[in-house]
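Student: I have a model open and want to work through its interior. Can we start with the empty space?

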Amino acid sequence: MRAIFLVDNGSLRAQATLNLRHVAALLSEHIGETVQAASLLHSNKIPAEEVDGIPATTLGPAAERSAEQGATQIIVLPFFFGPSKALTGYLPERMATLQARFPHVKVRVAQPLVDELGNNDLRLANLLADNVREKRQPGTTPRVALVDHGSPIPEVTAVRNRLAGQLSVLLGDEVACVSASSMERREGDEYRFNEPLLENLLALPEFNAGPVILAMLFLSPGRHAGEGGDIAEICAAAEQHHPGLSVTTTKLVGEHPGIVDILATRLRQALDDERFLLDIPAVT
């Protein structure tokens, strides 16, 4: 018996949990098998009344409940763009705690949405292109800033850069240019790979006037990408400093229905022993 979990990093914002549940429900319908929504951290602190009266759960307790009910295999499907440390560091540690109680349970973690060493998959870039085209005004050639959160892991920023390149090719002459950027970065030269930061990009002469479409490389609304969040504040400040600048923000990637098809592929690859991020065998 197996239990499948769609897992994000977690947020204190209810909208993130509600979106994760929505995607998990769509995926369940798509594959004909139950996919449960769980976060690695944080979401269990959201008041239940903010998430339809059903308490949000984190993966550790949820996986242990499944093991108690007879599951011998836990499949973790990351709702992540790349191989975040949350997946490669924290998750195995938490699953070791699970196996201390249930040593017969094995855990497999599927590849994230972008598999850098897998086949050249343009589906995520196509979703981004859809979102940009939805906001592009007829007769205009806006500049496009692809923005992610920013990561201390070069491999995650490499995903951002790869998607920016793919997006540039897909949009072609519909836009003036596509540039990758990050919302924030850690201090120190060792984290310069996150540059340019969005606030710095929007201050450049090439970007500080005319229409700019912000392609949101985020999966769910939260304190960064949600209404009135950090991204909105950065854009509002840029427009105030540069009166000729007009920034339009796309919807989030995780709000596009096409995300389900990519997740279904990653899940099938893991179940069929083709591609997966981590395999944690049973202890006994």
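Student: Which residues line the largest cavity?
Tutor: This is a predicted model. A search of the whole structure finds one cavity of 30 Å³ or more. Helices α5 and α8 each supply at least two residues of its lining. The lining residues are L113, V114, D115, N119, D121, L124, R162, Q166, I262 and R266.

Student: What volume does the largest cavity have?
Tutor: The search cut-off was 30 Å³, and one cavity reached it. The volume of the largest cavity is about 70 Å³.

Student: Q166 is in that lining. Is Q166 buried or exposed?
Tutor: Q166 lies in helix α5. Beyond its neighbours within four places in sequence, Q166 is in contact with N120, D121, L122 and A125. Buried means under 20% relative accessible area. Q166 has 10%, so Q166 counts as buried.

Student: How far apart are the end C-alpha atoms of α5, against the expected span?
Tutor: Helix α5 runs over residues 154–171 and has 18 residues. At 1.5 Å a residue, α5 should span 26 Å. The end C-alpha atoms agree with that, at 26 Å.

Student: Which elements cover the buried residues of α5?
Tutor: The buried residues of α5 are V156, T157, V159, R160, L163, A164, Q166, L167 and L171. In an α-helix, residues three or four places apart point the same way, because there are 3.6 residues a turn. What covers the buried residues of α5 includes α4, β5, β6 and β7.

Student: What phi does G172 take, just after α5?
Tutor: Most residues other than glycine have a negative phi. G172 comes just after α5 and takes a positive phi of about 55 degrees.

Student: Which helix gives the most to the largest nonpolar core?
Tutor: That core has 43 residues, and those with the most contacts inside it are L6, L124, V144, L163, V253, I259 and L263. The leading contributor, with eight residues, is helix α8.

Student: From which domains does this core draw at least three residues each?
Tutor: Domain 1 covers 2–115 + 258–280, and domain 2 covers 122–255. The core draws at least three residues from each of domain 1 and domain 2.

Student: L163 is one of the core residues with the most contacts. What is L163 in contact with, leaving aside its neighbours within four places in sequence?
Tutor: L163 is also among the buried residues of α5. Its contacts beyond those neighbours are V114, L124, A125, L128, L146 and L217.

Student: Which element gives the most to the lining of the largest pocket?
Tutor: The pocket has a volume of about 1,200 Å³. Of the 38 residues that line it, the closest to its centre are N9, G10, F80, H149 and H224. The elements that give two or more residues are α3 and α5. The top contributor, with three residues, is α5.

Student: Now the backbone. Which residues does a cis peptide bond join?
Tutor: Most peptide bonds are trans. One partner here, P196, lies in the loop between β6 and α6. Omega is about 0 degrees for the bond that joins E195 and P196.

Student: Is D52 buried or exposed?
Tutor: D52 is found in the loop between β2 and α2. Its phi is positive, about 60 degrees, although D52 is not a glycine. With a relative accessible area of 63%, D52 is exposed.

Student: What phi does D273 have?
Tutor: D273 is found in the loop between α8 and β9. D273 is exposed, at a relative accessible area of 54%. Although D273 is not a glycine, its phi is positive, about 65 degrees.

Conventions
Residues are numbered from 1 along each chain as its sequence is written. This is a predicted model: local features need pLDDT of at least 70, side-chain atom pairs count only at pLDDT 80 or more; totals for chains, interfaces and linings use all residues. Side-chain values use heavy atoms; hydrogens and water are left out. Helices (H or I, at least four residues) and strands (E, at least two) are DSSP runs, numbered from the N terminus. The expected span of a helix is 1.5 Å times one less than its number of residues. Buried means under 20% relative accessible area, exposed over 50%, partly exposed in between (1.4 Å probe, protein chains only). Contact means heavy atoms within 4.5 Å. A nonpolar core is a set of buried Ala, Val, Leu, Ile, Met, Phe, Trp, Tyr and Cys residues joined through side-chain atoms within 4.5 Å. Domain bounds come from an automatic or database domain assignment. On a 1 Å grid over the protein atoms alone, a cavity is a set of points where a 1.4 Å probe fits but cannot get out, and a pocket is an open set with protein on both sides within 12 Å along at least five of seven lines; lining residues have an atom within 4 Å of a point. Grid points are joined across faces, edges and corners, and a volume is the space filled by probe spheres set on the points.
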